[in-house]
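Visitor: I am new to this structure, and I would like to learn how to read it. Could you show me around?

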Amino acid sequence: MPDPLITLTTDFGDESPYVAAMKGVILGINPVVRLVDLSHRVPPQDLRYAAYFLANALPFFPGGTIHVIVVDPGVGTERALLCVESAGQRLLVPDNGCWTTMIREWGDAPRVVRLTEARYWRQPVSTTFHGRDILAPAAGHLSLGLDPLALGPLTDRWVWLESPDPRPGRNSWIGEVVFIDHFGNLITNISADYLGNPSGPRIRIAIGKHWRRLPWVPSYGHVQPGKLIALLSSSGMLEVAVNQGNAAHRLKAAIGTPVTVSWAR
Amino acid sequence: MPDPLITLTTDFGDESPYVAAMKGVILGINPVVRLVDLSHRVPPQDLRYAAYFLANALPFFPGGTIHVIVVDPGVGTERALLCVESAGQRLLVPDNGCWTTMIREWGDAPRVVRLTEARYWRQPVSTTFHGRDILAPAAGHLSLGLDPLALGPLTDRWVWLESPDPRPGRNSWIGEVVFIDHFGNLITNISADYLGNPSGPRIRIAIGKHWRRLPWVPSYGHVQPGKLIALLSSSGMLEVAVNQGNAAHRLKAAIGTPVTVSWAR
Amino acid sequence: MPDPLITLTTDFGDESPYVAAMKGVILGINPVVRLVDLSHRVPPQDLRYAAYFLANALPFFPGGTIHVIVVDPGVGTERALLCVESAGQRLLVPDNGCWTTMIREWGDAPRVVRLTEARYWRQPVSTTFHGRDILAPAAGHLSLGLDPLALGPLTDRWVWLESPDPRPGRNSWIGEVVFIDHFGNLITNISADYLGNPSGPRIRIAIGKHWRRLPWVPSYGHVQPGKLIALLSSSGMLEVAVNQGNAAHRLKAAIGTPVTVSWAR
């Protein structure tokens, strides 16, 4: 048996001591845990960003991994905290839906427990840092072999996050930008299934209102640096990019910007 | 026995190779070490920031943990380097006081060794990177079981960092902002002990010169997004925040900004 | 035998899910791997930056370490992917030369394999994320004991990255800024060998066109805060810095800015 693996995903940034405190709490409960940072730069309280992040990262991890996720605008209110089991992995996460996009894609019925058993919490429990006081201790105890059912009652109610689906337009599909990566590449919610078979070397795309004909290419380096292109993202979605440049800056696009697409004639 | 745990806290940023070099040096001495990043984004040479960070992160770690701390404006001068043992943990740190705030809170008499034994240093020792050449090797050797007393002589003299205490005003306490987190929340040096029992649902606070009456709430989500609030921080201090917003930007506050507080009538 | 060590160096940033996906893929193949982040903040597609980073970080790691390096402007084109063995370490890296600066300094003849055996790739292989689909799986398989020769054929052809060498001027050496660290310190390509024996306490340096006489000191703290200085960097190169300040901002210098140096009379 390898030593247990606990990943951490937060919006805490990496300059403040919050992530470090959570690591200390976990290792204080189970000193053999291997910690893996996924990201601490989810934009503050941005549940849609967190949902995209988790759906594109967690599926690659092996069964048995425990994921602690702290993007928690509702901390200290009545919102619940959950232990979610799906595809052999376990998530410790506030009940705000950020994990449900990934679960929809897995198509697996999750087993969900509400964290109510205060004996597994760090005392005293603060009102503003449940990552440290409830989620991290729960992860530590699970890594020691605790049955998730010891953490609280099963539940079949939780918050679902709405994921926008593309809708049909006139000879087109209308979607939106759902993610912008570090390079400024625009990832949309329009999957390969909607695009059908490419009918030519170019595709008509409107980012916002302005239509363009973009080369449809396999990857960035197939055009000159600085050129706008359309391609399939590594997650199988329509992506708009600039080779060695920043498409988000160039097109003044943001998460939520409408994207309309049709094959150019 | 779990594999030894060494944490790293620096102001090196994570874009330059300095942190990576330290990790290589440690693993070169003891390849079974488990490394844990605490932060590499302490603002450059900011000892007060480092002091707050350490006091709010290290106490959560288990006994036996080794912490390497490199915030070192005096590198290459006569300032000493120290191995500090307290509460079962060991710190390798420049003698600039950034660790003393935490020690004050622990109330434990530390055992302190000056690092003078050059046989445990990486050779040749640079004049500008003692994190790589002295502190990281010391951590590696300690993780192999070396007695800290082999690293140099015991000392009972070191630099203490001044921590400002709140002072009384007219029916008020006058303190200051001591930390601003990633969300822009303002953490002050005014602890729950100073605030006494809340006498009402609001508290009068001046951040700088402008007085406000703020709702006194358990957590962020108890008010509408965008509202200013006062609350107890997760470390038990007076905190001023904006629900889902950035109080530091809103109030133009910085570390050191005066904060005056009294219960509103 | 310690659990295998795999380091990660990318230009992905740490806010997007790409690094997390690679970690999941590696751990999915070999769950006992210990992952070590070197940096995910190499500037996008900056091969010279990556080359400096690797040359100043990888040599410190112990034999047996596996390094995954993803700075890959040519992803999805005909550029090859390589497994490089040198000094007992293994690198998985696109064939763009970013690793060759380090190899030149090691002076060791590397053994280089082209990654062509698709059976060790994640399927389906995307056209834009070979870090996840080819390099990470290769690292996972190597960590399980796979012979690098199983990954593809040996090759003796690869891209070399040009490293600028200083050239002689009139009683001077003319080089350039090759790295700027988090503190704004300017690291040049002029090594101690070119500087010869210091003939005085000052050195004449032109950063760009403007000549200055700078104190030649062992480290930052030997002058008042805010003063410009010249010193030997921790890697043995001429460095220009401001004690507790940012020399790059002060001198408006960038990577590639010319630097001319001669000992002052």
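Guide: Gladly; we will look at the chain arrangement, one interface, one residue and one helix.

Guide: This is a predicted model, in which local features need pLDDT of at least 70, side-chain atom pairs count only at pLDDT 80 or more, and totals for chains, interfaces and linings use all residues. Residues are numbered from 1 along each chain as its sequence is written, chains are lettered from A and ligands numbered from 1 in the order in which they are written, and side-chain values use heavy atoms, with hydrogens and water left out.

Visitor: What turn lays chain C on chain B?

Guide: Copies are superposed by least squares on the C-alpha atoms of residues with pLDDT of at least 70 in both. Here a turn of 120° with a shift of 0.0 Å along the axis lays chain C on chain B, with an RMSD of 0.0 Å. The two copies are thus related as by a three-fold rotation axis. In chain C, C:Arg34 comes closest to that axis, its C-alpha being 4.5 Å away.

Visitor: How much area do chain C and chain B bury between them?

Guide: The size of an interface is often given as the accessible area lost when the parts come together. Buried area is counted with a 1.4 Å probe and summed over both parts. For chain C and chain B it is about 2700 Å², 60% of it on carbon and sulfur atoms. Each side brings residues to the contact (heavy atoms within 4.5 Å): 32 from chain C and 32 from chain B.

Visitor: Which side chains meet in a salt bridge there?

Guide: A salt bridge is a side-chain nitrogen of Lys or Arg within 4 Å of a carboxyl oxygen of Asp or Glu. The rule finds 1 across this interface, where C:Arg41 meets B:Asp14 at 3.5 Å, N to O.

Visitor: Is B:Ala20 buried or exposed?

Guide: Buried means under 20% relative accessible area, exposed over 50%, and partly exposed in between (1.4 Å probe, protein chains only). B:Ala20 has 0% relative accessibility, so this residue counts as buried. Leaving aside neighbours within four places in sequence, B:Ala20 is in contact with C:Leu38, C:Phe53, C:Ala57 and C:Phe61. B:Ala20 belongs to helix H1 of chain B, residues 18-29. Helices (H or I, at least four residues) and strands (E, at least two) are DSSP runs, numbered from the N terminus.

Visitor: How many residues of helix H2 of chain A are buried?

Guide: In this helix, residues 47-55, 8 of the 9 residues are buried, so the helix is largely enclosed by the rest of the structure. Among them are A:Leu47, A:Tyr49 and A:Phe53.

Note on methods:
Buried area = accessible area lost by both parts, 1.4 Å probe.
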